[in-house]
Amino acid sequence: GRIWGFEQCIALASVSTNIRMTVVRLRDGSLWVSAPISPTRQCLQSLDELGRVSHIVIPSCALEHKASLGEFARIYPEASIWVTPGQSGFPLGVPSTSKVLGQGQPPPWAEELDCKLFFVEP
C-alpha cells in the first residue's frame with residue numbers, strides 16, 4: 001500500500017464526530033501525513049510500522065486539523081511541517097518553522113503529489 005486512512009472519533013461536550021488522517025508513502029519510503037489525529041499509542045505504533053514520518057501537513061485552519069500538530073511535531077522532530085495560508089496563532093498556533101503551501105519553494109513531494117489550494121466561499 002501507498003495510501004492509508006486513520007480514523008478517530010473526537011468529542012466536545014455532547015457532539016462527536018470522526019476525523020481522518022491520511023498517510024502516503026513517498027518514493028523514498030518516508031511518510032507524508034495530512035491532518036494528524038490524536039497520537040494515541042495505537043496510532044503511533046501503526047504509523048511507525050509504516051515508516052519514518054518526514055512531512056506533516058495541516059490542510060486547513062480548522063481546529064480539529066491543528067489540535068494534534070504540537071504533539072506530532074514533538075514526537076517527529078525531524079519532520080517538516082506544512083500549513084495552508086492564513087494560519088493564525090489563535091487559538092492554536094503553528095510552529096515558527098512551518099512552511100506555507102503555495103508560498104516560496106514547492107514542497108519536496110511536488111513531483112509525486114500534486115497540490116493545489118482552493119478557496120471556496122461558504
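Trainee: In this predicted model, which residues is Glu112 in contact with, once its neighbours within four places in sequence are left aside?

Mentor: Leaving those neighbours aside, Glu112 is in contact with Arg2, Leu26 and Arg27, where a contact requires heavy atoms within 4.5 Å. Glu112 itself is found in the segment after strand 6, the strand that covers 99-100.

Trainee: How far apart are Glu112 and Leu26 in sequence and in space?

Mentor: The two residues are 86 residues apart in sequence, while from C-alpha to C-alpha they are 7.4 Å apart in space.

Trainee: What does the side chain of Glu112 reach on Arg27, and what makes that a polar contact?

Mentor: The side chain of Glu112 reaches the backbone nitrogen of Arg27 at 2.7 Å; a polar contact is a pair of N or O atoms within 3.5 Å, one able to donate a hydrogen and the other to accept it, so this pair, at 2.7 Å, falls inside the cut-off.

Trainee: Why is Glu112 called partly exposed?

Mentor: The class lies between under 20%, which is buried, and over 50%, which is exposed; Glu112 has a relative accessibility of 24%, and therefore it counts as partly exposed.

Trainee: Why is Ser80 called buried?

Mentor: Ser80, which lies in strand 5 (residues 80-83), has a relative accessible area of 16%, and because buried means under 20%, the residue belongs to that class.

Trainee: What makes the pairing of Ser80 and His55 a polar contact?

Mentor: The side chains of Ser80 and His55 are joined at 2.6 Å, and since the limit for such a pair of N or O atoms is 3.5 Å, the distance satisfies it. Beyond four places in sequence, Ser80 is in contact with Ser54, His55, Ile56 and Lys99.

Trainee: Turning to the whole chain, how many helices and strands are there, and in what order do the elements run?

Mentor: The protein has three helices and six strands, and from the N terminus on they run β-β-β-α-β-α-α-β-β.

Trainee: Why is the protein said to be as compact as a globular protein of its length?

Mentor: Its radius of gyration is 14 Å, and the globule rule gives 14 Å for 122 residues, so the two values are close and the description follows. Along the principal axes, the C-alpha trace spans about 45 × 35 × 25 Å.

Trainee: What share of the residues is buried, and what share of the exposed area comes from carbon and sulfur atoms?

Mentor: Buried residues make up 35% of the 122 residues, whereas carbon and sulfur atoms supply 53% of the roughly stated total, about 7800 Å², that the protein exposes.

Notes:
Residues numbered from 1 in each chain as written. Predicted model: local features only at pLDDT ≥ 70, side-chain atom pairs only at ≥ 80, totals over all residues. Heavy atoms only, no water. Helix = DSSP H or I, 4+ residues; strand = E, 2+ residues; numbered from the N terminus. Rg over C-alpha atoms; globule rule 2.2 N^0.38 Å. Buried < 20%, exposed > 50% of the residue type's maximum accessible area, 1.4 Å probe, protein only. Areas by Shrake-Rupley, 256 points an atom, 1.4 Å probe, with all protein chains shown as cover.
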